[in-house]
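Visitor: I am new to looking at protein structures, and I would like to study one part of this one closely. Could you take me through the salt bridges, and then show me the strands around them?

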Amino acid sequence: MKQRILIIDDDIDLCRLLKNNLEQEGYCVCTCYNGVIGLCEFQKNNYQLVVLDIMLPLKNGYEVLSKIRENSVIPVLMLTAKDSEGDKVSGLRMGADDYLTKPFSNSEFLARIASLLRRYTIFNPSNHLEQSIAVGGLVINSSRREVHKDGVLLELTAKEFDLLFFFAENPGKVFTKKQIYRAVWNEEYAFDDNNIMVHIRRLRKKIEDNPENPNYILTVWGVGYKLSGEIK
């Protein structure tokens, strides 16, 4: 599963650049532009790393970091435009794991990210495994094999969960029935279209507001199916 990174920085252009660079490395990235929304996003979803600017509107980086550290040991890489020893010491004392002063190179940024995630995975293996994918109102937890919709636990069969999780790991990508069957059933495709269609129909009844007009699992006529929606 992709590791998920939250960027909280009010520099929209920088956020877009960092998000693009991280996604090219295979990470799943969410960006927020002020401290209040960033903290809300962190508390709502599971992340493996936070990139946090100090100078933020509404709630500064130190305040956000303090709230994060109340109940999480997730690695935090702090960013600042200030080149002050005092700022670095303050951030590190409050629980930041690393520090980068703007401007910085993309190669250094990616190296710091990889290093922090590697250390976090080694020393906190259970946290690495406890990962969720959020899409729209759905939250899909891989380790507990649970799916919540708008906070309500859904009763999915094992195959329905496998099917939804397969789509969630590949958002927006269109799959043929043959590809779906091989990936989810782990068997060679035997032209059993009905089996796939039945499972998708049952899954839609459980996750869609209107199964006849789905918002999540969409039919791509003449090709197959795909998962639609904003992955967080």
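Guide: Happy to! Let us begin with a small group of charged side chains: Asp9, Asp53 and Lys102 are joined in a network of salt bridges. Please keep in mind that this is a predicted model.

Look at one link of that network, where the side chains of Lys102 and Asp53 come together in a salt bridge, 3.5 Å from N to O. Lys102 sits in the loop between strand E5 (98-101) and helix H5 (106-123), while Asp53 belongs to strand E3 (residues 49-53), so the pair links distant parts of the chain, 49 residues apart. Are the two partners buried or exposed? Lys102 has 22% relative accessibility and therefore counts as partly exposed. Asp53 is buried, because its relative accessible area is 3% and the limit for buried is under 20%.

Both of these residues lead us to strands, so let us turn to the sheet. Five strands, in the order E2-E1-E3-E4-E5, make up an open sheet with parallel pairing. Strand E2 (28-32) and E5 are at its edges with a single partner strand each, so one side of each has no neighbour in the sheet. On average, neighbouring strands here are turned by 20 degrees against each other, direction ignored. What holds such strands side by side? Strands of a sheet pair through backbone hydrogen bonds, either parallel or antiparallel. For a close view of one pairing, find strand E4 (residues 76-80), which pairs with E5 in the parallel sense over 4 bridges. Within it, Leu77 stands opposite Asp98 in E5.

Now back to salt bridges, of which the count comes to 11. One of them lies within helix H5, where Glu108 and Arg112 are 4 residues apart, which means that about one helical turn separates them. Their side chains meet at 2.7 Å, N to O. Glu108 has a relative accessible area of 32% and is partly exposed. Arg112, at 22% relative accessibility, counts as partly exposed too.

Another salt bridge joins the side chains of Arg145 and Asp162, at 2.9 Å from N to O. Arg145 is in the loop between strand E7 (138-141) and strand E8 (146-149), and Asp162 is in helix H7 (residues 158-168), so this pair ties together parts that are 17 residues apart in sequence. Arg145 is partly exposed, with a relative accessible area of 41%. Asp162 counts as partly exposed at 25% relative accessibility.

The loop that holds Arg145 brings us to strands E7 and E8. How do E7 and E8 run, parallel or antiparallel? They run antiparallel, and 4 bridges join them. Here Leu138 has Lys149 in E8 as its bridge partner. E7 also pairs with strand E6 (residues 132-135), again in the antiparallel sense and over 4 bridges. In that pairing, Ala134 has Val139 in E7 as its bridge partner. The hairpin of E6 and E7 has 2 residues between the strands, and Gly136 in this hairpin takes a positive phi near 60 degrees.

To retrace the tour, start again at the network of Asp9, Asp53 and Lys102, then follow the parallel sheet from E2 to E5, and finish at the antiparallel pairing of E7 with E8.

Definitions and conventions
Residues numbered from 1 in each chain as written. Predicted model: local features only at pLDDT ≥ 70, side-chain atom pairs only at ≥ 80, totals over all residues. Heavy atoms only, no water. Salt bridge = Lys/Arg side-chain N within 4 Å of Asp/Glu carboxyl O. Buried < 20%, exposed > 50% of the residue type's maximum accessible area, 1.4 Å probe, protein only. Pairing = 2+ DSSP bridges. Axes fitted to C-alpha atoms, helices over the stretch in contact; angles between N-to-C directions.
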